[in-house]
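Biologist: I have a new model open on my screen and would like to learn how to read it. Could you walk me through it, one feature at a time?

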Amino acid sequence: HHGDTAHGVVTMRCVIPVHVYPCDLDESTNCVWHSSESPLPTARTRYEITNVRCQQAGGTQECKAQNWHCFGDQPCDAYEKAQRLCMHKLKESPYECFYVPDTIGPDEVRFARRAFP
């Protein structure tokens, strides 16, 4: 959940597992319909940054304090708030993505082919 740490302030982010079903891509192929029957053995990871910022310990916006609102007026902490904001980023149905086959590091799934360095 934790992101950039500056002066004890963190930006919450969600860690979302992505199960890649590889396909042989050429310009005419739609991978959603021509992918492998089974996923790669190791799930990749996608990170979604939120606008939830808090302090790890103490301070007026401590991460574990009930200082946020979830579901209208229900108090919640920064972890719960980040989860609520990320729920709509989860996808159950297939979508096209790009990955480097031998890479299993963090944030190695992209949605545009040219986004890799």
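**Reading the model together**

Modeller: Happily! Let us begin with phenylalanine 71, which counts as exposed because its relative accessibility is 64%, and exposed means over 50%. Keep in mind as we go that this is a predicted model.

Biologist: Where does phenylalanine 71 sit?

Modeller: Phenylalanine 71 is in the loop between strand 3 and strand 4 (74-76). Its backbone deserves a look too. Most residues other than glycine have a negative phi. Phenylalanine 71 has a positive phi, near 50°, and is a residue other than glycine.

Biologist: Let me step back to the whole protein. How many helices and strands does the secondary structure come to?

Modeller: There is 1 helix, along with 6 strands. Read from the N terminus, the order of the elements is β-β-β-β-α-β-β.

Biologist: And what share of the residues is buried?

Modeller: Of 117 residues, 25% count as buried. The protein exposes about 8,100 Å², and 51% of that comes from carbon and sulfur atoms. You can also ask how far along the chain the contacts reach: taking those between residues at least 6 apart in sequence, 53% join residues at least 24 apart.

Biologist: Which strands are joined by bridges that run antiparallel?

Modeller: Strand 1 and strand 2 run antiparallel, with 9 bridges joining them. For one bridge in detail, take cysteine 14, whose partner in strand 2 is glutamate 48. You can also follow the pairing through C-alpha distances. Valine 10 and glutamine 55 are 45 residues apart along the chain, yet their C-alpha atoms are separated by 6.1 Å. For proline 17 and alanine 43, 26 residues apart along the chain, the C-alpha separation is 6.1 Å.

Biologist: Is strand 1 mostly covered or mostly open?

Modeller: Mostly covered, with 7 of its 10 residues buried. Proline 17 belongs to strand 1, but this proline is exposed, because its relative accessible area is 54%. Over in strand 2 we find glutamine 55, which counts as partly exposed at 24% relative accessibility.

Biologist: What about a buried polar residue, such as threonine 11?

Modeller: Threonine 11 lies in strand 1 (residues 9-18). It counts as buried because its relative accessibility is 8%, and the cut-off for buried is under 20%. Look at what its side chain does there: it makes a polar contact, at 2.8 Å, with the side chain of arginine 53.

Biologist: How should I read the nonpolar core?

Modeller: The general idea is that in soluble globular proteins, nonpolar side chains tend to be buried together. In this model the largest nonpolar core has 13 residues, and Met12, Cys54, Trp68 and Ala78 have the most contacts inside it. Two or more residues come from each of strand 1, strand 2 (44-55), strand 3 (68-70) and helix 1 (78-86). Strand 1 gives the most, with 4 residues.

Biologist: Which residues is tryptophan 68 in contact with, leaving aside its neighbours within four places in sequence?

Modeller: Its partners include Val52, Arg53 and Cys54, and also Cys63, Pro75, Cys76, Ala78 and Lys81. Arg53 is worth remembering here, as arginine 53 also makes the polar contact with threonine 11.

Biologist: Now the charged groups. How many salt bridges does the structure hold?

Modeller: It holds 2. In one, the side chains of arginine 46 and glutamate 48 meet at 3.0 Å, N to O. Both arginine 46 and glutamate 48 are buried. In the other, glutamate 48 meets lysine 89 at 3.5 Å, N to O. Lysine 89 is in the loop between helix 1 and strand 5 (98-99), while glutamate 48 is in strand 2, so this pair ties together parts that are 41 residues apart in sequence.

Biologist: How buried or exposed are lysine 89 and glutamate 48?

Modeller: Lysine 89 is partly exposed, at a relative accessible area of 29%, whereas glutamate 48 is buried at 16%. Through shared partners, the salt bridges join Arg46, Glu48 and Lys89 into one network.

Biologist: So glutamate 48 is a good place to revisit, as the bridge partner of cysteine 14 and a member of that network. Thank you!

Conventions
Residues are numbered from 1 along each chain as its sequence is written. This is a predicted model: local features need pLDDT of at least 70, side-chain atom pairs count only at pLDDT 80 or more; totals for chains, interfaces and linings use all residues. Side-chain values use heavy atoms; hydrogens and water are left out. Buried means under 20% relative accessible area, exposed over 50%, partly exposed in between (1.4 Å probe, protein chains only). A polar contact is a pair of N or O atoms within 3.5 Å; within protein, one must be able to donate a hydrogen and the other to accept it, and residues adjacent in sequence count only if both atoms are side-chain atoms. A nonpolar core is a set of buried Ala, Val, Leu, Ile, Met, Phe, Trp, Tyr and Cys residues joined through side-chain atoms within 4.5 Å. Contact means heavy atoms within 4.5 Å. Accessible areas come from the Shrake-Rupley method with a 1.4 Å probe; for residues, only the protein chains shown count as cover. Two strands pair if DSSP finds at least two bridges between them. A salt bridge is a side-chain nitrogen of Lys or Arg within 4 Å of a carboxyl oxygen of Asp or Glu.
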